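Visitor: Pick one part of this model and walk me through it up close, please. Then show me how some other spots look.

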Amino acid sequence: FQTVSPEINVASENRDTTVNASSIKLSVGGTDVAATVAATASGATVRYALPNLPASGSTVAAAIRFKDNEGADVTSSWNFTVTYLQLDPGTRFQGKGVARGLNYKLVQAPPDGGALENSLSRAEDQLNPNGPYPRAVDVSGVTDVVNYSQNASSGGGDGAFGNDLPFPGEDPNVGSDNHAAAFTTWLELPAGITRFGVISDDGYKLATAINPGPSTLPLEFHNGGPADETFDVVVPEAGLYAFRLVWYERTGGAHVEWFTENRSTGARTLINESGGVRAWATVEAVAPSIVLESAAVLGGAFTAEAGASVDAAAKTVRTAIGSGDARFYRLKGATSIDSISIEGGNVVLRYR
């Protein structure tokens, strides 16, 4: 079970003796915590929400202790593992957005295109330009939002949002079955927890990586049949992250919506809609700002070198030799320091 809001709930039941609710203590990680304890007709309940989110995959130790009505000490301990979806900060794009939107590629097999599986693997095969399926529609472009429905052309709609869009390349001679589409974009995400959601008929998968593709493991997916799902994702560092949403349908209903949901109010907003998470169809790399910092002692506080000069073309930083017997340097915005040398009265650092 995945959650970004881990909570401990314990029920103590009376047996041959009864629980003294006022004596109950809960410890987490070996430290007593201020849990909510309530006496019940059959014993007592204990509730405690972890104030800080542990690292995903970490094990938390908990224990409860109390006295029964005869004064005997009772203790029970256990461990549990906290897991949740989390973005890798190493995949954050070092740059800025240029043009808003989401890139799409949509393909559709003809009615006589054979028996297509109702599955994500079929969708990827169908999107593959060298895949086994014939194509009646093969279009690509940029869209403002993912809010498509086969009923949009007739003024109808499906899902939670209005103003549905017709599928690109829609052809009444082909019909409204056997679609597969991929939407790629860079999302501008704040640090913290983002609740994503997808409404689809039929399935979908959402993946993220430096360059997400068919083989990228999904954050979440639904293989076959309609879906209306939300899931929380922890974003360690704010910035731009590349995402790929794949959607497909076989027969019957055909629609897809991609959105975020406010975790407090439940309000839903389409990705890239006004007031929602901004999506960028194109981005531009920006070289990170290089800052030289130094400390007088190993393990001491680092401060910026005010007189340092950076040559971005040569990838060097130059600063005057400071006073004292030693100086410790570090560079912010560089992958590593390749060398340090003395040239005249300056320290020169070469980086990459």
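**A strand and its partners**

Guide: Let's start with strand β22 (residues 291-295), which runs antiparallel to β26 and is joined to it by 5 bridges. Strands here are DSSP runs of E with at least two residues, helices are runs of H or I with at least four, and both are numbered from the N terminus. Keep in mind that this is a predicted model, where local features need pLDDT of at least 70, side-chain atom pairs count only at pLDDT 80 or more, and totals for chains, interfaces and linings use all residues. Residues are numbered from 1 along each chain as its sequence is written, and side-chain values use heavy atoms, with hydrogens and water left out.

Within that pairing, S294 sits opposite Y329 of β26. Zoom out a little and you get an open sheet of 3 strands, ordered β23-β22-β26, with antiparallel pairing. Its edges are β23 (303-304) and β26 (328-332), each pairing on one side only. Two strands count as paired if DSSP finds at least two bridges between them. In general, strands of a sheet pair through backbone hydrogen bonds, either parallel or antiparallel.

Now for the whole protein: the secondary structure adds up to 1 helix and 28 strands. The radius of gyration is 28 Å, well over the 20 Å that the globule rule gives for 352 residues, so the protein is more spread out than a compact globule. That radius is taken over C-alpha atoms, and the rule is 2.2 Å times the number of residues to the power 0.38. The C-alpha trace spans about 85 × 75 × 35 Å along its principal axes. Of the 352 residues, 39% are buried, where buried means under 20% relative accessible area, exposed over 50% and partly exposed in between (1.4 Å probe, protein chains only).

Another strand worth a look is β14 (residues 192-201): 8 of its 10 residues are buried, so it is largely enclosed by the rest of the structure. Strand β17 (residues 227-235) runs antiparallel to β14 with 9 bridges between them, and R195 faces D232 across that pairing. β14 is also joined to β19 by 6 bridges, again antiparallel, with D201 opposite H255. Then comes a cis peptide bond between D201 and D202, with omega about 20 degrees; D202 lies in the loop between β14 and β15 (204-208).

Back on β19 (residues 255-261), which holds E257, there's a neat detail. E257 is buried yet has no salt bridge, and R268, the nearest side chain of opposite charge, is 6.4 Å away. A salt bridge here needs a side-chain nitrogen of Lys or Arg within 4 Å of a carboxyl oxygen of Asp or Glu; Lys and Arg count as positive, Asp and Glu as negative, and His and the chain ends aren't counted. What the E257 side chain does reach is the backbone nitrogen of F161, at 3.2 Å. Among the residues E257 touches (heavy atoms within 4.5 Å) are V198, I199 and L270.

One last stop: N178, in the loop between β12 (147-149) and β13 (179-189), has a positive phi near 65 degrees without being a glycine. N178 is buried, at 5% relative accessible area.

Definitions and conventions
Polar contact = N/O pair within 3.5 Å; in protein donor to acceptor, adjacent residues only side chain to side chain. Lists of a residue's contacts leave out its neighbours within four places in sequence.
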